[in-house]
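Reader: I'd like a close look at one part of this model, the nonpolar core and whatever connects to it. Could you walk me through it?

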Amino acid sequence: MALPPILKDRLRLPVIAAPLFIISHPALTIAQCKAGVIGAFPALNARPDSALDDWLAEITETLAAHDRANPDRPSAPFAVNQIVHKTNRRLEHDLALCVKYRVPIVISSLGAVPEVNAAIHAYGGLVLHDVINDRHARSAINKGADGLIAVAAGAGGHAGTLSPFALVQEIRAWFEGPLLLSGAIATGGAILAAEAMGADMAYIGSPFIATDEARASADYKQMIVDSKAADIFYTAHFTGIPGNYLRASILKAGLDPAALSGMSAEGIDFAAASADGGAKAWRDIWGAGQGIGAVTSRGPVSTLIDRLEAEYAEARLRLGVAPRPSSEAQAFSDKTQKTS
């Protein structure tokens, strides 16, 4: 099954920038889209809830202006992440704004609800649902999702435990629609590997935390740069859902990772998490994926995308894969061939 145009046209790379809780905001999303990958943010990041209207207006108007000024290199589309969880009391309000602005892509998480899918489909939007196993994948498609995001072991924040090889393999055995892979993807070669496994696109989050446009503290960004896979700690303690976090941030918060067991007494509560300032677990315990060893410096989104694109083209050339049909990838391939 061919990808819908929205997931392949106007993209420099087959990438969706994962929505990062608290961190993603209009400046980051706009920079990602202008750089040629699909930018995304969680609706809950807009606080108070009335700010979401302003955010969506800013993103749509800024990208439209960019496209008018750059008809030869228009921006990529953007996506909004909706947390479909019983404690998210903003869902109805936030979904109505997605409909108002005809958000091109909606990423649903922590629950598959047919009514959410129907609302997005009513204006022609696309719904992608993130899953950690084959059972959840089948449920999401049965309830009307258009595509899937396979969140494998090593992904930042809430993540599964299955190998990406196993997870993609099982889903592709029955599903021919849009499939993205998430989990420790931080290089252009990893993007190509995701495609080789059977995914259509890569879903990349942690490398964007260290970008200039990200709404993360300087300490958080530097910790991403300084850390490697061994510095990631997997636990359900903070939200009730297993996830990957920077061990150093846990220690900095005065906690002993070795002493954490099970979920916290509070459990998960997105209503509390969306309050101004956020709960401590969301503000001070920093999520990240196992791929951060590839992030060796801080800088703008554009520099990160340039690196990923160059690595992606180099990997294709090294493996004898035809260059991706984009002017940037072709130019890099031509230059490499002339100097080799």
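Author: Sure, and keep in mind that this is a predicted model. The largest nonpolar core has 51 residues. Inside that core, the residues with the most contacts are Ile-171, Ile-191, Phe-208, Ile-224 and Leu-246. If you're wondering who supplies the most, helix α12 (residues 301–318) gives the largest share, six residues. As a bit of background, nonpolar side chains tend to be buried together in soluble globular proteins.

Let's zoom in on Ile-224. Leaving out residues up to four places away in sequence, Ile-224 touches Ser-206, Ile-209, Ala-210, Leu-246, Ala-288, Ile-292 and Val-295. So one of the partners of Ile-224 is Leu-246, itself among the core residues with the most contacts.

Leu-246 takes us to a sheet, since strand β11 covers residues 243–246. β11 pairs with β10 in the antiparallel sense, over four bridges, and along that pairing Phe-233 stands opposite Tyr-245 of β11. The whole sheet is open and has three strands, in the order β7-β11-β10, with antiparallel pairing. On the edges you'll find β7 (157–158) and β10 (232–235), each pairing on one side only. In general, the strands of a sheet pair through backbone hydrogen bonds, parallel or antiparallel.

Now for the other core. Apart from the 51-residue one lies a core of 26 residues, with Phe-41, Leu-63, Val-116 and Val-127 among them. Two of those names are handy signposts.

Take Phe-41 first: this core residue falls within strand β2 (residues 39–42), which runs parallel to β3 and is joined to it by four bridges. Pro-42 stands opposite Asn-81 in β3. Strand β3 (residues 78–83) is mostly covered, with six of its six residues buried. Side chains in a regular strand alternate between the two faces of the sheet. In β3 both faces are covered: Phe-78, Val-80 and Gln-82 are buried on one side, and Ala-79, Asn-81 and Ile-83 on the other.

The second signpost is Val-116, a member of the 26-residue core that also lines the largest cavity. Along with Val-116, that lining is made up of Val-84, Ser-108, Gly-111, Ala-112, Val-113, Asn-117, His-129, Ala-140 and Ala-145. By type, the lining divides into six nonpolar, four polar and no charged residues. The volume of this cavity is about 40 Å³, and the structure holds two cavities of 30 Å³ or more.

Definitions and conventions. Residues are numbered from 1 along each chain as its sequence is written. This is a predicted model: local features need pLDDT of at least 70, side-chain atom pairs count only at pLDDT 80 or more; totals for chains, interfaces and linings use all residues. Side-chain values use heavy atoms; hydrogens and water are left out. Two strands pair if DSSP finds at least two bridges between them. Helices (H or I, at least four residues) and strands (E, at least two) are DSSP runs, numbered from the N terminus. A nonpolar core is a set of buried Ala, Val, Leu, Ile, Met, Phe, Trp, Tyr and Cys residues joined through side-chain atoms within 4.5 Å. Buried means under 20% relative accessible area, exposed over 50%, partly exposed in between (1.4 Å probe, protein chains only). Contact means heavy atoms within 4.5 Å. On a 1 Å grid over the protein atoms alone, a cavity is a set of points where a 1.4 Å probe fits but cannot get out, and a pocket is an open set with protein on both sides within 12 Å along at least five of seven lines; lining residues have an atom within 4 Å of a point. Grid points are joined across faces, edges and corners, and a volume is the space filled by probe spheres set on the points. Ala, Val, Leu, Ile, Met, Phe, Trp, Tyr, Cys and Pro count as nonpolar, Asp, Glu, Lys and Arg as charged, and the others, Gly among them, as polar.
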